[in-house]
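Subject: Handing over a structure, with notes

Dear colleague,

I am passing on a structure for you to look through, and my notes on it follow below. Please keep the structure open while you read.

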Amino acid sequence: MPNNVAASMRKGSTVQKVLLPGAKSTKAASKKKLSEAELKEEITRILTANNPHAPQNIVRYSFKERSYKPTSAVDQMAVHFVLEGSLVHEDSDEAHRMRAKEGLPEETATVDTGVEPDEEEPETSDTPVEDGREVEEAGEEDRPDSVASKTDRKEPKVTNQFNFSERASQNLNNPLRERSCQTDPPPRGTFTATATQWDIYDAYVEELQKQETNKEKQKAVASKKDNDKGKKKTLLMETQTDDITKVGKASKIFERMVNQNTFDDIAQDFKYFEDASDEFRDQEGTLLPLWKFQYDKAKRLSVTALCWNKKYQDLFAVGMGSYDFSKQGRGMLVYYSLKNSAYPEFIYPTPSGVLCLDIHEQHSYLVAVGFYDGCVAVYNNKEDGSEPMYKSTAKTGKHTDPVWQVRWQSDDMDNNHNFCSVSSDGRVVSWTLVKNELVFTDIIRLSLNAAVSEGPEQQPGIACGTSLDFHKQIDYLFLVGTEEGKIHKCSKTYSSQFLETYNAHSMAVDAVKWNHFHPKVFISCSSDWTVKIWEHTINTPMFTFDLNAAVGDVAWSPYSSTVFAAVTTDATVHIFDLSINKYEAICQQPVVAKKKTKLTHIEFNPIYPIIIVGDDRGYVSSLKLSPNLRKKPKVRVSIGQHPIGSVQASNQNKPTSCVESDFA
């Protein structure tokens with residue numbers, strides 16, 4: 001019976017026809033006539049072995065890479081039917097064990113094995129049998145399952161009586177495969193330590209420093225270009241910069257040599273030229289133009305600050321910004337050297353305009369800068385990059401208005417560097433450099449009245465500070481010029497009230513500076529065309545000079561207590577020497593050829609007899625003083641007068657009026 005079932009199954013598998021859903025029946029085709037093109041059209045269908053329900057996003061954890069990785073091996077086989085049979089081969093060991101277990105004799109096995117070739121003889125014989133009945137009869141006699149054999153010997157029924165293979169499956173089932181890998185476990189170690197609060201604090205500080213350095217590196221690194229050409233260019237530039245850094249010092253020296261050879265006549269004038277005509281000018285002098293400094297990317301910016309380096313006397317810093325408050329934008333901090341006027345030594349672009357700066361006297365690589373947006377920053381020339389080392393923010397007490405003046409102070413008791421700033425918001429603030437941040441302390445708040453404003457209810461009475469200068473000998477004493485034209489004498493130790501108020505000018509005080517030699521004298525200038533010299537114990541000025549134009553800046557000379565210089569908006573430099581003439585300037589000289597160019601700042605070199613002047617077009621001009629402009633006053637010794645040498649060095653004297661006030 002099983003043979004008949006298998007045969008019927010095989011027969012059914014060969015005769016059965018499967019009609020696809022897209023195929024058309026012959027009846028339907030007869031109803032509808034197709035054209036030859038449609039009949040010849042080939043419809044291609046591609047069958048794939050991929051299982052549409054198999055997941056494609058299986059991930060497994062990789063111990064090697066310590067992350068989850070997608071697996072490429074996906075089982076695409078779909079099992080529709082599985083039938084496990086219980087048939088055992090009669091010659092196998094398992095069949096012998098089953099016979100032994102059930103107690104069957106071994107003769108059945110010999111009979112069965114002997115019958116097999118007899119069964120095959122009719123099928124494999126070369127002489128065909130014509131009559132089918134005879135074959136069946138012979139087969140019935142020879143087969144062990146025939147009726148005659150059953151009657152002759154009574155044998156128990158064998159479980160696996162027929163040795164045939166099951167052919168009900170359509171295809172072979174692929175064996176399941178499982179791929180897995182085993183990796184070595186990561187090394188382990190035991191660490192024990194005792195953590196104190198200081199250790200935790202130091203660890204946090206170190207982590208914050210690492211984060212800040214990483215941020216600076218990310219900002220410094222330029223974004224990569226998408227094109228391959230751009231990548232090649234950047235690689236070439238990097239290699240070039242690496243090569244240049246190797247010979248950076250030598251190339252800089254070579255550049256200075258070429259520049260000095262190019263401007264050799266100016267270098268010779270700077271060293272040796274002395275104007276011989278001064279002997280016939282009746283103590284008047286002239287200014288000899290020397291180098292002119294400019295930077296192409298700062299042409300549209302004005303020179304808003306100048307400061308010489310006290311350690312390297314040929315180096316000076318220039319602040320770039322704009323005094324036109326309707327056109328505020330970027331700024332720049334650049335360093336120039338007298339040894340190379342063609343290109344700056346350092347360049348620091350800033351997001352806001354620079355309005356003031358000051359270089360530290362002892363640590364000349366530190367420069368404090370004040371910006372138009374109210375921030376103050378400290379730049380370090382030793383560090384690479386264009387970002388400041390310290391910068392104030394809204395969280396750390398930045399000013400709300402432009403910062404007009406910054407001044408370095410001596411270190412505090414903890415040896416921390418600090419500087420002061422004044423702004424239009426009426427605050428005079430002391431900034432201390434502590435580790436990675438600026439710590440601010442309000443020294444005083446300026447007010448329109450004599451008393452210092454305290455509390456938000458007096459905010460409308462705040463005065464706008466425009467200039468600041470500390471006493472050369474008394475650290476806690478300082479002067480503040482305001483936008484209303486007043487000058488306040490203040491003290492860091494007594495910040496609740498002004499020590500003195502001077503009604504100095506009718507317009508904003510552009511600059512106020514103490515004399516380098518006389519401890520009681522200071523000078524101020526304003527846009528009301530006047531320059532005034534004061535003694536801080538007297539409310540009225542000792543000298544008043546009208547320059548017929550708005551005065552942008554004024555500066556005392558470092559070699560004489562009676563010489564000062566001022567610049568005006570009509571592009572003229574005025575130099576006075578009170579020991580020679582108390583009423584008029586001994587030198588008035590325009591230093592800019594173009595009209596409508598305004599001079600903004602002036603500074604004396606601490607050693608060399610030159611001055612630098614900045615204008616509103618971004619140019620800085622250097623000028624050499626003639627012999628009449630750099631004379632040192634003679635010592636005047638009178639009865640009862642204290643020695644002048646104790647007040648000023650290098651055989652320099654006070655103004656005559658100051659001496660008279662000392663006698664009184």
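A good place to begin is helix α11, which spans residues 264-272 and in which Ile 266, Ala 267 and Phe 270 are buried. These three lie on the same side of α11, because the arc they cover around the axis is only 100 degrees. On the other side of α11 you will find Asp 265 and Tyr 272, both of which are exposed. As for what covers the buried residues of the helix, this includes β3 (287-293), β29 (610-615) and β30 (620-625). Please bear in mind throughout that this is a predicted model.

The next point concerns the nonpolar cores. The largest nonpolar core has 22 residues, and those that touch the most other members are Trp 291, Phe 316, Val 318, Met 320 and Val 620. Two or more residues are given to this core by each of α11, β3, β4 (302-308), β5 (315-321), β6 (331-337) and β29. Met 320 may be worth selecting in your viewer: leaving out residues up to four places away in sequence, Met 320 touches Ala 298, Leu 301, Ser 302, Val 303, Thr 304, Gly 331, Met 332, Val 334, Gly 353, Val 354 and Gly 618. Apart from the largest core there lies another, which has 21 residues and includes Ala 565, Val 573, Ile 611 and Leu 625.

Turning to a single residue, Thr 568 belongs to strand β25, which covers residues 563-568. Thr 568 counts as buried because its relative accessibility is 0%, where the cut-off for buried is under 20%. If its neighbours within four places in sequence are set aside, Thr 568 is in contact with Leu 547, Ala 549, Ala 550, Val 551, Gly 552, His 574 and Leu 599.

Lastly, there is a sheet to point out. It is an open sheet of 4 strands, with antiparallel pairing, and the strands come in the order β12-β13-β14-β15. Its edge strands, each of which pairs on one side only, are β12 (403-409) and β15 (437-445). On average, and with direction ignored, neighbouring strands of this sheet are turned by 25 degrees against each other. Within the sheet, strand β14 (residues 427-434) pairs with β15 over 8 bridges in the antiparallel sense, and Val 428 has Ile 444 in β15 as its bridge partner.

With best wishes

Definitions and conventions. Residues numbered from 1 in each chain as written. Predicted model: local features only at pLDDT ≥ 70, side-chain atom pairs only at ≥ 80, totals over all residues. Heavy atoms only, no water. Pairing = 2+ DSSP bridges. Axes fitted to C-alpha atoms, helices over the stretch in contact; angles between N-to-C directions. Buried < 20%, exposed > 50% of the residue type's maximum accessible area, 1.4 Å probe, protein only. Arc of directions from axis to C-beta. Contact = heavy atoms within 4.5 Å. Core = buried A, V, L, I, M, F, W, Y, C linked by side-chain atoms within 4.5 Å.
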